[in-house]
Amino acid sequence: MDLPSGRPPPTIDGLGAASLKKLELARALATQPKLLLADESLNGLDHSEMDQAADMLGAGSRKEKGITIVWVEHIMGVLMRVVDRVVVLDHGEKIFDGAPQWHNPIRASSSLSRGGCGMMLELKSIDVGYGGFQALFDVTMNVEAGEAVAVIGSNGAGKTTLLRVISGLLAPTAGAMTMEGVDLIATAPHKIIETGIAHVPEGRRLFPRLSVEDNLRMALSSPPRGKRFAERLDYVYGLFPRLRSGAPSSPAPCPAASSRCVPSRARS
Ligand SMILES: Nc1ncnc2c1ncn2[C@@H]1O[C@H](COP(=O)(O)OP(=O)(O)OP(=O)(O)O)[C@@H](O)[C@H]1O
Ligand SMILES: [Mg+2]
């Protein structure tokens, strides 16, 4: 898109729901995380875009990018193509943890990697609540490097809460939690980012009055893991080419977007 010189780049206000979703994911991937926490990242995408996301987060692609995923999602078809393991929460308790054989026995016996590079994330007997309300009870969960783990469960089961605990937004009242041996409970949230954890939260945490590039820049304001900003930008535009132009992908954002676009904090 050619812009008259001196005119600022368009803000993301005019982007469609699918582009905003991609930007959320791009912002997290721009930090080249070791561990991606994705909370309902497929909402608003059409089938082909979901397929693209599944390809992008599939085993081969994950291995190439060195990414491990804990993925909360209601869209089971895509999840089951991508994940190695499923954790089911029910009323804040873990009631299942295992391979999704029942859904696709061929996939379960296939050569898709189950990490095998050592333990990355370890949660032991985690309790957490909001004020006097307990939302997670005695949750123990391990994630190996290279794995993709789906966290599923009905509304209110505690999936979002679990991701908030891992990224340090909520402090557990009991239990232990480490990322590659680093004690996450004793680590401040901004330092948790430096361990390589990126969180794509439920609901948008983008900056509606900034451009695509500036939203990505905000994500990269934390100490970089290796590459310079321009290289990171090329990397994410390679993953999401249409974001480069900042052009709207559909005529209007979803109605809920404006109220959900006010960031409480810049993360990813
Ligand atoms: N900020 C909050 N204050 C008080 N209670 C909360 C808060 N956020 C979540 N809860 C409660 O904690 C429990 C777990 O909520 P959580 O958002 O983790 O569920 P979820 O599995 O992500 O659900 P959904 O599928 O609807 O996103 C629910 O009973 C919810 O009402
Ligand atoms: Mg949730």
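**View 1. Who lines up around ligand 1, by class.** The shell around ligand 1 is a mix: seven polar residues, four charged and four nonpolar. Keep in mind, for this view and the others, that this is a predicted model. Of the 15 residues around the ligand, the ones that come nearest are Gly156, Lys159, Thr160, Thr161 and Glu202. Helix α6 gives the most to this shell, with four residues.

**View 2. Polar contacts to ligand 1.** Zoom in on the oxygen atoms of the ligand. Thr161 puts a polar side-chain atom 2.5 Å from an oxygen of ligand 1, and Lys159 has a polar side-chain atom 2.7 Å from a ligand oxygen. Ala157 joins in through its backbone, with an N or O atom 3.1 Å from an oxygen atom of ligand 1. How much of ligand 1 does the protein bury? On its own the ligand exposes 630 Å², and the protein buries 65% of that. Two elements give two or more residues each to the shell: β6 (133-144) and α6 (159-166).

**View 3. The largest nonpolar core.** This core holds 43 residues, and Leu36, Trp71, Val212 and Leu216 are the members that touch the most others. Its largest share comes from helix α1 (residues 17-30), which supplies eight residues. As background, nonpolar side chains in soluble globular proteins tend to be buried together.

**View 4. Trp71 and its contacts.** Here is one of those core members with its partners, leaving out neighbours within four places in sequence. Trp71 is in contact with Ala38, Leu42 and Leu57, with Val78, Leu79 and Val82, and also with Val149, Ala150 and Val151. Apart from the largest core lies another one, of 29 residues, including Leu35, Ile126, Leu136 and Val139.

**View 5. Glu40, a positive phi in a loop.** Glu40 is not a glycine, yet its phi is positive, at about 55°. Where does Glu40 sit? The residue lies in the loop between β1 (35-39) and α2 (47-56). Glu40 counts as buried because its relative accessible area is 11%, under the 20% cut-off.

**View 6. Ser125, a positive phi in a strand.** Ser125 is another residue other than glycine with a positive phi, here near 50°. Ser125 is found in strand β5 (residues 119-130). Is Ser125 buried or partly exposed? With a relative accessible area of 29%, Ser125 is partly exposed, since that class runs between the 20% limit for buried and the 50% limit for exposed.

Note on methods
Residues are numbered from 1 along each chain as its sequence is written. Chains are lettered from A and ligands numbered from 1 in the order in which they are written. This is a predicted model: local features need pLDDT of at least 70, side-chain atom pairs count only at pLDDT 80 or more; totals for chains, interfaces and linings use all residues. Side-chain values use heavy atoms; hydrogens and water are left out. A residue is near a molecule or strand if one of its heavy atoms lies within 4 Å of it. A polar contact is a pair of N or O atoms within 3.5 Å; within protein, one must be able to donate a hydrogen and the other to accept it, and residues adjacent in sequence count only if both atoms are side-chain atoms. Accessible areas come from the Shrake-Rupley method with a 1.4 Å probe; for residues, only the protein chains shown count as cover. Ala, Val, Leu, Ile, Met, Phe, Trp, Tyr, Cys and Pro count as nonpolar, Asp, Glu, Lys and Arg as charged, and the others, Gly among them, as polar. A nonpolar core is a set of buried Ala, Val, Leu, Ile, Met, Phe, Trp, Tyr and Cys residues joined through side-chain atoms within 4.5 Å. Buried means under 20% relative accessible area, exposed over 50%, partly exposed in between (1.4 Å probe, protein chains only). Contact means heavy atoms within 4.5 Å.
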